[in-house]
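Load the model in the viewer and keep the selection tool at hand. The stops below go from strand pairing to charged side chains.

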Amino acid sequence: MAMTSFVVDEQDSRDRGGPAQPLLTVNALRKHFPIRGGLLGRVSAHVRAVDGVSFTVAKGETLGIVGESGCGKSTVARLLMRLIVPDAGEQIFDGEAVGEHGGISVKQMRRQVQMVFQDSASSLNPRMPVQNSIAFGPMAFGLPKQEAIAMARELLTKVGLNPALFGARYPHELSGGQKQRVNIARALALQPRMIILDEAVSALDKSVEAQVLNLLQALKRDLNLTYVFISHDLGVVRWISDRVMVMYLGEVVEIGPADEIYNNAKHPYTQALLASRPALDPDMRREEAPVSGDPPNPINPPAGCRFHTRCPAAEPVCAAKAPALRDGSDTGHFAACHLHDPSSGHSQSVRH
Ligand code: SF4
């Protein structure tokens, strides 16, 4: 039966543009949430949660997205799944625009893109045995119940849970790690090409987290998957990601190969984030906060470079002019900072 076959060709038969065509292209994605106030409930301001975000995800790669809480990374995930509707921007899946005007519909996109959330407990129906939760999606797409359950049990095996032991259990009978394995199985049930993992391992103990990360890597290899991996944990993101995108106040400030970002961060915000990681050696631990102050209010973000109110290298040009994402070194490593634009007017700007 086709639905239960997990043998994936070297090149997915659904692959339309070949390996060079990105699986996902996002252009100028924007979401501003209105804030209503006063007696009449008029819109008084907007939270600029995602403000012109563009990136690509290549076939078979893992793109990590990092940033402080409130930077917009989880909103990007929800926009990509259309759990919330973007105000503007373009989403292209394997060469086809997603939306009402040509290309593929949101429903068609959702068959190929699935999401796993942090809260494994509330993602599962508490009154349904877990194998039925996994079978639910394929049944909604017309697979007969018996076949869908057989497929669910096969998926339980795939994620390391014995279906004879776990299939008929209810979510409250499982540990956090087991529930997250069920959520991963559920995401796989529609045989997606891409999975968006939003803080998917953040609630797990470190040892369980490592097991689930290893499982994700094995599944990616076996099933030709592509991941967008969102986390506040820089260590985990480095371990799993091929490329990393850093967000600050709704914008992308740096994106590039993971090794480049971690060994040669260009943007002062990324440098501060990396410096704030707790050192394993207690003698290396620092007392002072590497990024001073809290992030500014996203309702009224600072003009120019949004990081200028906290940046140790800020100069007047930073408040006057927003820096564009540039790759001065032609390594696919982009940063939005006047320090890396020789024509910016910043006194310390460098040529790469
Ligand atoms: Fe700092 Fe200016 Fe670069 Fe922004 S543009 S990160 S304020 S140096």
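Select Q114 and I195 in this predicted model: I195, in strand 7, is the bridge partner of Q114. Widen the selection to strand 6 (residues 113-116) and strand 7, which pair in the parallel sense over four bridges.

Next, add strand 8 (residues 226-230). Strand 8 and strand 7 are also parallel, with five bridges between them. Within this pairing, I196 stands opposite V228 of strand 8. Now show helix 7 (residues 206-223) as well: together with strand 7 and strand 8, helix 7 makes a right-handed β-α-β unit.

Stay on strand 7 and turn on its side chains. In a regular strand the side chains alternate between the two faces of the sheet. Here M194, I196 and D198 point one way, while I195 and L197 point the other way. Are these residues buried or exposed? All of them are buried; five of the five residues in strand 7 have that status.

Select D198 and R78 next. Their side chains meet in a salt bridge, with 2.8 Å from N to O. The pair links distant parts of the chain, since D198 is in strand 7 and R78 is in helix 1, 120 residues apart. D198 is buried because its relative accessible area, 4%, is under 20%. R78, at 26%, is partly exposed.

Move to E68 and R310, another salt bridge, at 3.2 Å from N to O. What parts of the chain does this pair link? E68 is in the loop between strand 3 (62-66) and helix 1 (73-80), and R310 is in the loop between helix 10 (268-275) and helix 11 (316-320), 242 residues apart. E68 is partly exposed, with a relative accessible area of 22%, whereas R310 is buried at 7%.

Then pick D341 and R326, whose side chains form a salt bridge at 3.9 Å, N to O. D341 lies in the segment after strand 11 (334-335) and R326 in the loop between helix 11 and strand 11, so the pair ties together parts that are 15 residues apart in sequence. D341 counts as buried at 16% relative accessibility, and R326 as partly exposed at 31%.

For the last stop, select D15, K59, D94 and R193. Salt bridges that share partners join these four residues into one network. The count of salt bridges comes to 17.

Key. Residues numbered from 1 in each chain as written. Predicted model: local features only at pLDDT ≥ 70, side-chain atom pairs only at ≥ 80, totals over all residues. Heavy atoms only, no water. Helix = DSSP H or I, 4+ residues; strand = E, 2+ residues; numbered from the N terminus. Buried < 20%, exposed > 50% of the residue type's maximum accessible area, 1.4 Å probe, protein only. Pairing = 2+ DSSP bridges. Right-handed = clockwise from strand over helix to strand, strands pointing away.
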